[in-house]
Amino acid sequence: MEIKSKKVTALYDYRIRVGYIISTAVCFLFAAIIWYVLCAVTPYMQYKDVSAEQRKLYSRENFSASATDMDMPQNLKERVLLLPTSEYSFYRRLKFVEDAQRSIDMIMFDSYADVGSMYFYSAILKAADRGVRVRIIMDGKMGKLESPLDDIQDMLQYHNNIELYLFNEVNIFRPVGLNVLCHDKLTVADGSKMIVGGVNMGMGAYIANRDVEVMVTNSGADKSVGAALAYFEDMRSSGLTKRKRSKRCDTAAKAWYLERYEEYYGNLDFDIDVDYETQGVAADKITFLHNEISDGKKSPNIYRAIMDLAESSQKTTFITPYTLLTDKKIADLKRVARNNESFTLITNSLYNSRNVAYAVYSNSRRDYVCEEISLWEYQARDQLHAKLYSFDDRYSVVGSFNLDERSIHIDTEIAIVVDSVEFNAQLNAFIEKDFLSNSLEVGSNNEYLPSDTVSAGVVPLSKRIKYKFYGILDAAINLI
């Protein structure tokens with residue numbers, strides 16, 4: 001009886017030990033998950049602004065051309081050309097690579113796995129084959145070429161004349177950086193000209209989205225292209241950027257890609273000489289802007305520049321694929337808008353948006369509707385992807401910067417500020433023709449105002465349900 005009792009007690013003790021170990025392990029795992037999430041999120045909850053010393057760098061005063069700048073001979077000024085997305089602007093992009101003689105330095109957020117990316121990166125390989133030094137920085141999470149074009153990535157990484165880098169790859173030991181993306185889109189050729197804007201790489205980016213990039217020419221080391229190259233070097237040499245190499249290359253596949261590219265490019269009625277020193281219009285001043293290069297919360301450099309310009313203007317237009325701002329920033333936007341005689345904000349509608357961010361915006365859309373802000377939503381079939389800002393018929397901002405918290409504080413972003421009445425007139429005419437004339441204004445009741453020329457796009461029920469679910473999920477997270 002005593003032996004039996006000892007066995008039962010031993011078994012009971014064993015079960016307690018096992019149960020204790022399991023429950024303790026579960027608690028520790030749960031605590032570790034909570035700690036990890038807090039490490040990833042908490043740094044973004046602190047307030048961060050540009051320093052008082054930096055404030056001047058992001059002011060209207062700094063972006064304005066001096067009398068000397070304005071009096072400079074036209075042939076010595078930087079030039080800027082507006083390139084709305086289309087197949088034609090994709091051809092211009094290929095021509096830009098074809099005409100490079102010495103170097104191509106490029107930062108790209110995302111490349112679609114389509115024929116556009118295939119042709120573009122084949123053009124890059126061809127340029128490297130003829131001796132052009134190529135350096136490419138891609139986002140470490142979204143930027144890598146995916147199947148069926150992943151073999152092209154190996155070709156890029158294998159080539160002697162190409163250096164390929166990834167920015168901020170996934171690092172589980174640095175949770176704060178998991179949220180940070182390299183959202184820049186920049187291509188510099190020969191240190192004298194560049195293309196900058198909001199366009200990702202791929203035929204889908206040039207055809208399915210309505211976007212804008214600009215070409216800056218007649219520039220150099222002491223001008224905006226020099227500032228862009230300095231930023232490129234800082235990003236390339238940062239501890240967050242790692243060079244990638246491949247040990248082998250499928251030469252037969254490379255030959256096939258180059259042959260397909262030659263067939264495509266050779267059939268384009270576009271292979272003409274381009275005088276880059278006469279492209280576009282002469283600008284009195286072009287300023288290159290960028291966010292900090294870090295994997296944590298960033299100072300709102302570009303946001304501060306845009307808001308300073310808006311606050312000191314009488315006429316302001318914002319074009320952004322979506323707008324996601326905190327309550328404080330929405331209040332700041334309204335305050336700035338009150339200082340303007342005209343303040344227009346154009347963004348996507350539920351009809352054409354393909355980004356879940358619209359669901360979050362829709363929950364707060366009513367907060368943007370006020371007497372001071374004229375809020376419009378784009379109704380065309382293609383998605384608005386441009387990031388454009390216009391001030392007082394003089395200043396223009398074009399880049400990768402969306403009006404949301406990611407672009408303000410989290411991702412790397414770039415933009416240029418152009419001081420040019422002539423270029424701004426072209427930009428405003430494009431905004432009127434392509435965006436405003438295809439949009440509906442949101443009234444004070446949070447519904448579209450009637451229009452004789454534009455009809456609201458018909459949204460499928462499945463999309464309404466899906467985005468309603470996203471909106472409810474966002475509201476629940478905010479409550480938590």
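Hi everyone. A polar contact, as I'll use the term, is a pair of N or O atoms within 3.5 Å, where within protein one must be able to donate a hydrogen and the other to accept it. Keep in mind that this is a predicted model.

Let's put that term to work on R394. Its side chain makes a polar contact with the side chain of D419, at 2.7 Å. Where does R394 sit? You'll find R394 in the loop between β17 (388-391) and β18 (395-399). Is it buried or exposed? Neither: R394 counts as partly exposed, because its relative accessibility is 23%, and buried means under 20% while exposed means over 50%. Leaving out residues up to four places away in sequence, R394 touches S64, A65, M70, V418, D419, S420, V421 and N424.

Now to the nonpolar interior. The largest nonpolar core has 48 residues, and F90, L94, Y121, I124 and L156 touch the most other members. Helix α5 (residues 115-129) gives the most to this core, nine residues. Apart from that core lies another, of 43 residues, including F167, F232, I346 and I431. Back to F90: beyond its neighbours within four places in sequence, F90 is in contact with G116, Y119, M201, M203, Y206 and Y264.

Last stop, the second largest pocket. It holds about 490 Å³ of space. Twenty residues line this pocket, with L350, Y358, S362, R365 and R464 the closest to its centre. Which helix supplies the largest share of the lining? That's α15, with five residues. By type, the lining divides into eight nonpolar, seven polar and five charged residues.

Thanks, all!

Technical notes: Residues numbered from 1 in each chain as written. Predicted model: local features only at pLDDT ≥ 70, side-chain atom pairs only at ≥ 80, totals over all residues. Heavy atoms only, no water. Core = buried A, V, L, I, M, F, W, Y, C linked by side-chain atoms within 4.5 Å. Buried < 20%, exposed > 50% of the residue type's maximum accessible area, 1.4 Å probe, protein only. Helix = DSSP H or I, 4+ residues; strand = E, 2+ residues; numbered from the N terminus. Contact = heavy atoms within 4.5 Å. 1 Å grid on protein atoms, 1.4 Å probe; cavity = no way out; pocket = protein on both sides within 12 Å on 5 of 7 lines; lining within 4 Å. Points joined across faces, edges and corners; volume = space filled by probe spheres on them. Nonpolar A, V, L, I, M, F, W, Y, C, P; charged D, E, K, R; others polar.
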